[in-house]
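Could you walk me through this structure in the viewer, stop by stop? Please tell me what to select next and what is there.

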Amino acid sequence: MNTKETALYYQNPILKGYADPDVYYENGIYYLYATSYHVERGYEVYSSADLVHWEKRGMALTEAWNFKKNYWAPDVKKIGSRYIMAASVEEHLGLAVAKQPEGPFVPEEHWLFDCSIDGHIFQDTDGSLYLYYVSWREGHRYGLYGCQLDILTLMPVRDSERLLFVAEEPYECCQAPVVEAPYMLCRDGLYYLTYSGSHYQSPNYCVAAAVSDAPLGEYHRCSENPILIGNEKISGCGHHCIVHTPGGEMYLLYHTHAAPDGRIHPRQLALDRLYWENGRLVTSGPTITPQPMPGKNLMREYREYKEEL
């Protein structure tokens with residue numbers, strides 16, 4: 001594609017050497033946090049104005065709880081005046097706090113749970129705060145859990161923890177029975193907990209969704225599952241976040257394997273549209289062909305481009 005076409009379209013992958021992405025948006029800037037193949041300890045932070053072209057801004061967090069490696073799947077939300085990061089470090093899940101989205105994020109004195117990963121922070125419309133995560137710690141069957149957090153102390157509310165569901169569907173059991181990477185999406189008073197199913201090394205690693213009428217209620221899997229799964233040209237599509245643009249678009253940002261021929265690492269990031277169709281979640285992905293840039297009015301801009309030729 002030439003320079004003008006590049007301004008109208010993008011093509012996956014958008015960033016190589018990263019997995020398990022999360023994006024926070026503020027004041028026209030998207031901030032990206034992810035599992036990195038480039039640093040062993042801590043989390044990097046990138047910024048972008050268009051969700052496609054990313055600039056490294058430095059380290060958002062350099063060390064937590066004296067752990068030296070396995071910094072996975074960060075998740076960032078702004079709660080009040082604080083930026084809160086859920087950090088999964090050496091299979092310990094905890095929180096860190098910053099004054100700005102670039103960090104530095106300072107870990108809380110102690111982690112929340114051991115044998116737990118993939119924390120996702122969600123604040124409901126009434127202000128109540130929740131944490132979703134994977135856990136297999138003592139006394140817990142491996143699965144997706146949720147609990148309410150005290151908004152001031154950021155500690156789990158006593159007796160609020162719930163096992164939401166475990167891997168049991170075929171698309172959750174390729175290579176191993178796995179449900180992980182929860183991410184909440186709300187619509188019309190319903191709570192859609194999107195997540196990844198199957199082992200991340202499986203080419204059939206995928207994104208699915210379950211729905212409930214309460215944040216910690218009974219979840220039922222959606223009939224359209226999986227909503228994203230690989231094909232002969234791209235594999236290992238999962239561990240996503242959902243990005244809402246100022247123009248009202250939704251995007252699924254996720255990672256894929258390095259190649260569909262069995263090479264898994266280093267994983268890479270891909271971006272595709274997510275939308276509602278007759279009450280069902282649908283994605284345009286996975287794609288490797290040119291896609292319209294987020295927020296672009298392609299009919300108008302392509303007409304202007306052709307007139308310039």
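**A tour of pockets, cavities, sheets and cysteines**

Welcome! Our starting point is the second largest pocket, with a volume of about 350 Å³. Keep in mind along the way that this is a predicted model.

To find this pocket, select Asp20, Trp72, Ile117, Glu180 and Tyr200, which lie nearest its centre among the 18 residues of the lining. Next, colour β4 (29-36) and β12, the elements that give two or more residues to this lining. By class, eight of the lining residues are nonpolar, five polar and five charged.

**The largest pocket**

Now move to the largest pocket, whose volume is about 490 Å³. Show Lys77, Phe122, Tyr183, Met184 and His244 as sticks: of the 20 lining residues, these are the closest to the centre. Then highlight the strands β3 (18-26), β7 (71-79), β12 (116-123), β16 (179-187) and β21 (238-244), since each supplies at least two residues of the lining. Nonpolar residues number 13 here, beside four polar and three charged ones.

**Two enclosed spaces**

Rolling a probe the size of a water molecule over the atoms shows where empty space is left. How many cavities of 30 Å³ or more does a search of the whole structure find? There are two.

The largest cavity has a volume of about 90 Å³. Select Asp75, Gly119, Pro182, His239 and His240, the closest to its centre of the 14 residues that line this cavity. Keep β3, β7, β12, β16 and β21 coloured, because these are the elements that give two or more residues to the lining of the largest cavity. That lining divides into seven nonpolar, four polar and three charged residues.

For the second largest cavity, of about 30 Å³, select Tyr18, Leu32, Tyr33, Ala34, Glu44 and Tyr46, which line it. Both β4 and β5 (43-48) give two or more residues, and β4 provides the largest share, three residues. The classes here are five nonpolar, no polar and one charged.

**Two open sheets**

Switch to a cartoon view and trace β3-β4-β5-β6, four strands in an open sheet with antiparallel pairing. At the edges are β3 and β6 (55-61), each with a single partner strand, so one side of each has no neighbour in the sheet. Ignoring direction, neighbouring strands are turned by 30° against each other on average. Zoom in on β3 and β4: seven bridges join this antiparallel pair, and tyrosine 24 stands opposite tyrosine 31 in β4.

The other stop is β12-β13-β14-β15, again an open, antiparallel sheet of four strands. Here β12 and β15 (162-165) stand at the edges, and each has a single partner strand, so one side is left without a neighbour in the sheet. Select β14 (residues 143-149) and β15 to see an antiparallel pair joined by three bridges. Within this pair, tyrosine 145 stands opposite leucine 163 in β15.

**Last stop: the cysteines**

A disulfide is a covalent bond between the sulfur atoms of two cysteines. How many disulfides does the count come to? Zero, with a cut-off of 2.5 Å between the sulfur atoms.

Select cysteine 206: the nearest cysteine sulfur, in cysteine 174, is 7.1 Å away. Cysteine 206 counts as buried, at 0% relative accessibility. Finish at cysteine 222, whose sulfur is 13 Å from the closest cysteine sulfur, that of cysteine 206, which is too far for a bond. Cysteine 222 counts as buried too, at 10% relative accessibility.

Methods: Residues are numbered from 1 along each chain as its sequence is written. This is a predicted model: local features need pLDDT of at least 70, side-chain atom pairs count only at pLDDT 80 or more; totals for chains, interfaces and linings use all residues. Side-chain values use heavy atoms; hydrogens and water are left out. On a 1 Å grid over the protein atoms alone, a cavity is a set of points where a 1.4 Å probe fits but cannot get out, and a pocket is an open set with protein on both sides within 12 Å along at least five of seven lines; lining residues have an atom within 4 Å of a point. Grid points are joined across faces, edges and corners, and a volume is the space filled by probe spheres set on the points. Ala, Val, Leu, Ile, Met, Phe, Trp, Tyr, Cys and Pro count as nonpolar, Asp, Glu, Lys and Arg as charged, and the others, Gly among them, as polar. Buried means under 20% relative accessible area, exposed over 50%, partly exposed in between (1.4 Å probe, protein chains only). Two strands pair if DSSP finds at least two bridges between them. Axes are lines fitted to C-alpha atoms, for helices over the stretch in contact, and angles run from 0 to 180 degrees between N-to-C directions.
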